[in-house]
Every structure is written in structure tokens, then in C-alpha cells.
Amino acid sequence: VTKTIALTATVTDTAPPPPAGLDLRTTLQHGTDGINPQGTIRNAEVKITAIIQGGNTAAFKTRCLVSIDGAPEVVSYDGLMVYASGAGQVFSLVHPVPVAVRTMVFRIITDPDNAAVEVNESNNTQTITKTFNN
């Protein structure tokens, strides 16, 4: 004997929806490094993408700190960057260092003074490490 039984199910997505409202964030990528003609200075480049969600294109304070070969961080940039929606606005930051430098850690802080009220403050700091072999 075969019986057909109707089944019903309810599927509930427990993942929270993406937050609505203003959010600022940056992404970091390696840029193209260069060495001066004398072979003494390396221009270490990082690409910074400044993205705004839930707001209009606007300038916000952004700070970049750099640590060279494990030394304490120093400020490399502290000023305004224009944050744009969608793919964002791309900036290049070039930091000159002696060619003897082997490692640089770049840390970028979006809205370091917390002037903007954001739905996600946890994504305001990004870090990238550059390692040089020559």
C-alpha cells in the first residue's frame, strides 16, 4: 500500500541582514614599488579604497600608520579622503624608505576620531604587510 503524505516546512534564515545606515570602510592592496635611480630609496606603495555605504560621497578623516622592520608605528598620512559608494574611491599612498628595509606594516584607520556614527565600527581598521627581498 502506498500513501501520499503532504509535507510543509518553514525555512528561517537566522543570519542577520546587512546593517542599514552609514558605514565607512577601507581596503588595502599592494601597489607598485619603485627604487630611485641611485638605488638607495624604495617608494613603497599601497592602494587604499575608501567606501561609503548608506550615505553620499563625502570626505572623512583617515589615518595611516607605518611600522618599519618592527619599529613602533609612525604616522604616514593623517587627513581627508573622499569615500564613495559602490566600488569606492581609490588612492595611492607612497612611503619612501631606505632599500635596506625588509618589512613594512601599513595600518589604516577610517574615521579615527569617531566623528561619524556608523552601523559597523568594527571594520574601521585594516592592515597590510609588505616584505621586500632586495
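Biologist: Which side chain meets that of K61 in a salt bridge of 3.8 Å, N to O?

Modeller: First, the ground rules: this is a predicted model, where local features need pLDDT of at least 70, side-chain atom pairs count only at pLDDT 80 or more, and totals for chains, interfaces and linings use all residues. Residues are numbered from 1 along each chain as its sequence is written, and side-chain values use heavy atoms, with hydrogens and water left out. A salt bridge needs a side-chain nitrogen of Lys or Arg within 4 Å of a carboxyl oxygen of Asp or Glu. At 3.8 Å, the partner of K61 is D78.

Biologist: How many residues apart are K61 and D78?

Modeller: K61 is in strand β4 (residues 58-68), and D78 is in strand β5 (residues 74-83). Strands are DSSP runs of E, at least two residues, and helices are runs of H or I, at least four, both numbered from the N terminus. The pair links distant parts of the chain, with a separation of 17 residues.

Biologist: Which accessibility class does K61 fall in?

Modeller: Buried means under 20% relative accessible area, exposed means over 50%, and partly exposed lies in between (1.4 Å probe, protein chains only). K61 has 27%. K61 therefore counts as partly exposed.

Biologist: D113 also meets K61 in a salt bridge; what is the N to O distance?

Modeller: This bridge again uses the side chains of both residues. D113 sits in the loop between β7 (103-110) and β8 (125-131), 52 residues from K61 in sequence. The N to O distance is 3.1 Å.

Biologist: Which residue forms a salt bridge with E73?

Modeller: The closest N and O atoms of this pair are 2.6 Å apart. E73 lies in the loop between β4 and β5 and its partner in strand β7, so the bridge ties together parts that are 34 residues apart in sequence. E73 is partly exposed at 37%, and the partner is partly exposed at 25%. That partner is R107.

Biologist: Which residues do shared salt-bridge partners join into one network?

Modeller: The structure holds six salt bridges. Those that share partners link up into one network. Its members are K61, R63, D78 and D113.

Biologist: Is E45 buried or exposed?

Modeller: E45 is in strand β3 (residues 41-53). Its relative accessible area is 10%. By that value, E45 is buried.

Biologist: Which residue offers its backbone nitrogen to the side chain of E45 at 2.6 Å?

Modeller: Polar contacts are N or O pairs within 3.5 Å; within protein, one atom must be able to donate a hydrogen and the other to accept it, and residues adjacent in sequence count only if both atoms are side-chain atoms. The E45 side chain makes one with the side chain of K47 at 3.4 Å. Contact means heavy atoms within 4.5 Å, and beyond four places in sequence E45 has contacts including H30, S92 and K130. The backbone nitrogen at 2.6 Å belongs to T32.

Biologist: Which element gives the largest share of the largest nonpolar core?

Modeller: A nonpolar core is a set of buried Ala, Val, Leu, Ile, Met, Phe, Trp, Tyr and Cys residues joined through side-chain atoms within 4.5 Å. The largest one has 21 residues, and I48, Y83, M104 and F106 have the most contacts inside it. Elements giving two or more residues are β1 (23-30), β3, β4, β5, β6 (89-98) and β7. The largest share, five residues, comes from β3.

Biologist: Which side chain makes a polar contact with that of Y83?

Modeller: Y83 is found in strand β5 and is buried at 0% relative accessibility. Leaving aside neighbours within four places, its contacts include L24, I51 and F60. The polar contact is at 3.5 Å, and the partner is T110.

Biologist: What is the phi of D111, roughly?

Modeller: Most residues other than glycine have a negative phi. D111 is not a glycine, yet its phi is positive. D111 lies in the loop between β7 and β8 and is buried at 3%. Its phi is about 50 degrees.

Biologist: And where is N114?

Modeller: N114 also has a positive phi, near 55 degrees, and is a residue other than glycine. Its place is in the loop between β7 and β8.
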